[in-house]
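Fresh notebook page. I wanted to walk through this model one piece at a time and jot down what I looked up.

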Amino acid sequence: MFKGIRPLLRGSTYSGALFAYCGALASLPLLPFAALPAMAWPSASVGVQLALTALVWSGLIGAIGLARTTRRVLIACARRMLRVPLPDPVGERRRAGSPGDGAAAATTSGADRLRTPLWLLSHVVLGWAGAQLSVLLFVAGLLLPGGWAGAEAGVSVNGWSLRAESGWQSWAAALCCLLLAAALCLAVTYVLRWLAPRLLGPSSAERLALAAERERALAERNRLAHELHDSIGHTLTAATIQAAVAGEVLCVDPVAARAALRSIEESTRAALEDLDYVLGMLREEKAGTAPARTLADLPELLDRLRHAGAVVEPELSGDYAQVRGTLSRAAYRILQEGLTNALRHGAGGPIRVKVAAAPDSLELDVVNRTGGAGSGTSPDAFPTSGHGLPGLMERVRLLHGDIEAGPDGPEHWRLAVRLPVRLPA
């Protein structure tokens with residue numbers, strides 16, 4: 001019993017009914033304009049004039065519902081007054097700069113735009129019906145006890161009648177009227193809550209557009225995570241080794257120590273640029289221009305490795321000018337990750353780097369010695385998250401390339417990547 005009464009005691013029930021009644025009152029200023037056609041036809045019967053007024057009134061209300069501002073306001077009010085979780089319209093996300101503009105624009109036309117006018121009409125009809133009945137029942141509940149102001153209540157069905165007298169029966173009838181008024185508020189709120197997701201919520205096409213936006217946002221965040229992992233991971237690895245080298249030769253060879261420290265400064269400055277850009281994107285702020293690291297920056301990357309004490313044997317061939325845009329940036333990150341892994345897990349010795357740019361493909365190879373007995377680098381010298389190689393595989397897969405990573409003989413590790421080159425039309 002108490003579970004059935006509990007919804008009548010909730011404030012959200014009456015806030016929803018108040019939302020409906022306010023919608024009804026907000027439609028009153030349109031009534032004089034709706035009555036103009038009926039006033040211009042004085043010869044028509046009263047029923048025709050009322051029907052014409054109601055029809056024009058409904059048309060005006062529906063026309064207001066076509067405005068995008070109306071939809072935004074109704075969604076905000078429904079979220080607050082009805083406690084219904086409704087997402088922002090897809091158009092709002094598009095204007096805010098979210099990806100997928102074309103998909104979002106395709107969802108704001110056709111029958112989907114008629115759902116807001118239908119909601120507004122339902123809102124007004126429920127508001128007027130609920131307001132009149134609830135006010136009538138509430139007033140009856142106040143006047144019936146003791147027959148105050150001569151009020152009395154009765155029910156007649158097929159000649160059978162029942163009337164509440166001025167004793168306890170009038171109090172019982174008043175209580176029933178008040179409970180009916182509260183139940184009516186509950187019914188209006190529940191109907192509006194049922195209609196809100198169907199008329200104000202996203203349509204099937206809008207949900208598909210929102211899902212596509214979320215997928216693109218997740219893909220972008222995943223790409224940023226790869227960028228951050230590649231840039232920061234390489235910088236920290238190289239900076240750690242360079243700092244150790246600078247500390248060892250500081251007194252013996254100050255020139256080499258200064259070169260190592262200068263390399264640390266340059267690499268960390270580049271990493272800070274990457275970090276600022278990624279954090280700006282993750283915070284959904286207006287970030288600056290993305291740092292563009294391409295194959296043209298490969299000599300600088302190799303110099304930083306040499307300052308860290310690594311012996312690098314590059315073998316570069318082909319025309320890098322034909323490798324542009326995303327492919328060039330991805331190739332740089334792949335080489336950066338491969339060289340970082342060689343620094344982390346290598347056992348000294350030269351690191352062979354091969355970059356061959358052919359007209360139809362780009363080949364990248366990184367070969368280094370693996371750790372073993374007497375090696376100068378322990379496999380646990382640098383902690384690793386284990387995301388480097390899977391990230392490389394995913395990056396290569398997105399570029400429709402091939403990747404091989406594994407032992408190359410008893411004492412070497414080889415990373416081999418082949419990426420297709422799409423020549424401009």
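I started with α13, which lies across β4, β5 (361-369) and β7 (412-420). Its direction runs at about 10° to that of β5. Note to self: this is a predicted model.

**Entry: the helix itself.** I checked the span of α13 next. Helix α13 covers residues 325-345, 21 residues in all. From first C-alpha to last I get 31 Å, close to the 30 Å expected at 1.5 Å a residue. Is α13 mostly covered or mostly open? I find it mostly covered, with 16 of its 21 residues buried.

**Entry: the sheet under it.** In what order do the five strands of the open sheet come? I read it as β3-β4-β5-β7-β6, with mixed pairing. The edges are β3 (311-318) and β6 (402-407); each has a single partner strand, so one side of each is left without a neighbour in the sheet. Ignoring direction, I get an average turn of 5° between neighbouring strands of this sheet.

**Entry: strand pairs, going along the sheet.** I took the pairs one by one.

- β3 pairs with β4 (residues 350-357) in the parallel sense, over eight bridges. I looked up G318 and found A357 in β4 as its bridge partner.
- β4 and β5 are antiparallel, paired over six bridges. V353 has V366 in β5 as its bridge partner. The link from β4 to β5 is a hairpin through three residues.
- β5 and β7 also run antiparallel, and nine bridges join them. Here I noted R369 opposite H412 in β7.

I also checked cover on β5: seven of its nine residues are buried. So much for the strands that α13 lies across, which are β4, β5 and β7.

**Entry: another helix on the sheet.** Which strands does α12 (residues 298-307) touch? I see it packing on the sheet against β3 and β4. The direction of α12 makes about 165° with that of β3.

**Entry: the loop before α12.** I picked T294, which sits in the loop between α11 (254-282) and α12. How far is T294 from R324 in space? C-alpha to C-alpha I have 8.2 Å, for two residues 30 apart in sequence. Leaving out residues up to four places away in sequence, T294 touches S328, R329 and Y332. Those three numbers fall within the 325-345 range of α13.

**Entry: cysteines.** How many disulfides are there? I count zero, taking sulfur pairs within 2.5 Å. For C176 the nearest cysteine sulfur is that of C177, at 7.1 Å, and C176 is in no disulfide. Is C176 buried or partly exposed? Its relative accessibility is 46%, so it counts as partly exposed. I looked up C185 too: its relative accessible area is 11%, under the 20% cut-off, so C185 is buried.

**Entry: whole-chain numbers.** I left the totals for the end. The chain has 425 residues, and 37% of them count as buried. I get 14 helices and seven strands for the secondary structure. Of the contacts between residues at least 6 apart in sequence, 72% join residues at least 24 apart. The exposed area is about 23900 Å², with carbon and sulfur atoms supplying 64% of it.

Note on methods
Residues numbered from 1 in each chain as written. Predicted model: local features only at pLDDT ≥ 70, side-chain atom pairs only at ≥ 80, totals over all residues. Heavy atoms only, no water. Helix = DSSP H or I, 4+ residues; strand = E, 2+ residues; numbered from the N terminus. Buried < 20%, exposed > 50% of the residue type's maximum accessible area, 1.4 Å probe, protein only. Contact = heavy atoms within 4.5 Å. Areas by Shrake-Rupley, 256 points an atom, 1.4 Å probe, with all protein chains shown as cover. Expected span 1.5 Å × (residues − 1). Pairing = 2+ DSSP bridges. Axes fitted to C-alpha atoms, helices over the stretch in contact; angles between N-to-C directions.
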